[in-house]
Amino acid sequence: MSYSNGSVATCPCGRLAIASCRRCGRTLCDEHRRALPPAPEGISANALGRYELAIRLADGPHCEGCRADIGNYALEQINSAPRAPLPEHWLDRAIALSCDQSRSDEEKLRDAALPASLTAKDVAAEFLRRIERPAQERVPVSPPKLMREPDYREGWSVDCRRTEYTVSGPGAGRYRLPCLVSVHGDLLGPALEEGDKPGHTWSIVPESEIELPLLVTGVAQLLVLSAFMPPPSAPTY
Ligand SMILES: [Zn+2]
Ligand SMILES: [Zn+2]
């Protein structure tokens, strides 16, 4: 690109300009004519989709700043759109929120609106009333004895504990200690042992150790997933 006086236009980065922004007129090199602004954080899935579409589909060459303006304009439209309505019961609400695209994570946390009196025991009981599939896992609740298998409890595992432990080697990192909602409505898990490792036998996890919003989200997801699984096969005689 060159001006009528014969001088060559350059992009602010110093490279030769080959286009100019359709909106603000800034001269752009090949790379900067395509540069896309980063998406804002903490927005809903719907808003993110709309933002990315808007910045990509902006007609003609645009600078990064003008693409961001175009994306933000699209976000304003979607932010003023109504959110999907939520059911009354806290677990129905959690189930609806686990598939909701119209709210950001922050809005989901606020709109979960868990009753102040809700306990982990209540959550487990409500989950058991609704789950129509057999338990998927079993965990040892006693150490193995000579010539005898340990005792087991069956249930569903949910990632909801406060205490973390360290894994080294492949998949290294910090993980929450596991937790199982047993078929009897107890929350079972290993304690943290010396060396920052989970113990081998599982026992009742105290309420204070459970992150209630995580437990509610976890059981909501199990209920959503169970709806997609084929029903248990009838017993054969
Ligand atoms: Zn521009
Ligand atoms: Zn450039």
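How many bridges join strand 5 to strand 6? Hold that thought for a second while you find the two strands: strand 5 is residues 164–167, and strand 6 is residues 173–176. Okay, here it is: four bridges, with the two strands running antiparallel. If you want one pair to look for on screen, take Glu164, which stands opposite Arg176 in strand 6. Then follow the chain round the hairpin. There are five residues between the strands, and Gly169 in that hairpin takes a positive phi near 80 degrees.

Before I go on, please remember that this is a predicted model.

Right, let's zoom out. The chain has seven helices and eleven strands. Its radius of gyration is 27 Å, while the globule rule gives 18 Å for 237 residues, so the chain is more spread out than a compact globule. You can get a feel for that from the C-alpha trace, which spans about 95 × 45 × 45 Å along its principal axes.

The chain is also divided into two domains: domain 1 covers 19–79, and domain 2 covers 118–216. Measure from centre to centre, over C-alpha atoms, and you get 46 Å between domain 1 and domain 2.

Now for the sheet. In what order do the five strands of the open sheet come? Going across, the order is 3-4-7-8-11, and the pairing is antiparallel. Let's walk it from one side.

We start at strand 3, which is 137–140. Four bridges join strand 3 to strand 4, residues 152–157. One pair to click on there is Val139 with its bridge partner Arg153 in strand 4.

Next, strand 4 goes on to strand 7, residues 180–182, through three bridges, again antiparallel. Here you can look for Trp156, whose bridge partner in strand 7 is Val181.

Skip along to strand 8, residues 187–189, which pairs with strand 11 in the antiparallel sense over two bridges. Gly189 has Ser203 as its bridge partner in strand 11.

So what happens at the ends of the row? The sheet is open, in the order 3-4-7-8-11. Strand 3 and strand 11 (203–204) stand at the edges with a single partner strand each, so one side of each is left without a neighbour in the sheet.

Last topic: the helices. Keep your eye on helix 7, residues 212–226.

Take helix 6 with it, residues 120–130. The two axes are 10 Å apart, and the angle is about 5 degrees. Angles under 35 degrees count as roughly parallel, and helix 6 and helix 7 are therefore roughly parallel to each other. On the helix 6 side, the residues that meet helix 7 are Ala120, Val123, Phe127 and Arg130. On the helix 7 side you'll find Leu212, Leu215, Val216, Val219 and Leu223. Sort the residues of that contact and you get eight nonpolar, no polar and one charged.

Now swap in helix 4, residues 90–98. Is helix 4 roughly parallel or roughly perpendicular to helix 7? The angle is about 70 degrees, with the axes 9 Å apart, and that makes helix 4 roughly perpendicular to helix 7. Helix 4 brings Trp90, Leu91, Ala94, Ile95 and Ser98 to the contact. Among the helix 7 residues they meet are Val216, Thr217, Ala220 and Leu223. This contact divides into eight nonpolar, three polar and no charged residues.

One thing to spot before we finish: Val216 and Leu223 of helix 7 are in the contact with helix 6, and Val216 and Leu223 turn up in the contact with helix 4 too.

Key. Residues numbered from 1 in each chain as written. Chains lettered and ligands numbered in written order. Predicted model: local features only at pLDDT ≥ 70, side-chain atom pairs only at ≥ 80, totals over all residues. Domains from an automatic or database assignment. Axes fitted to C-alpha atoms, helices over the stretch in contact; angles between N-to-C directions. Parallel < 35°, antiparallel > 145°, perpendicular 65-115°, else oblique. Contact = placed C-beta atoms within 7 Å. Nonpolar A, V, L, I, M, F, W, Y, C, P; charged D, E, K, R; others polar. Pairing = 2+ DSSP bridges. Rg over C-alpha atoms; globule rule 2.2 N^0.38 Å.
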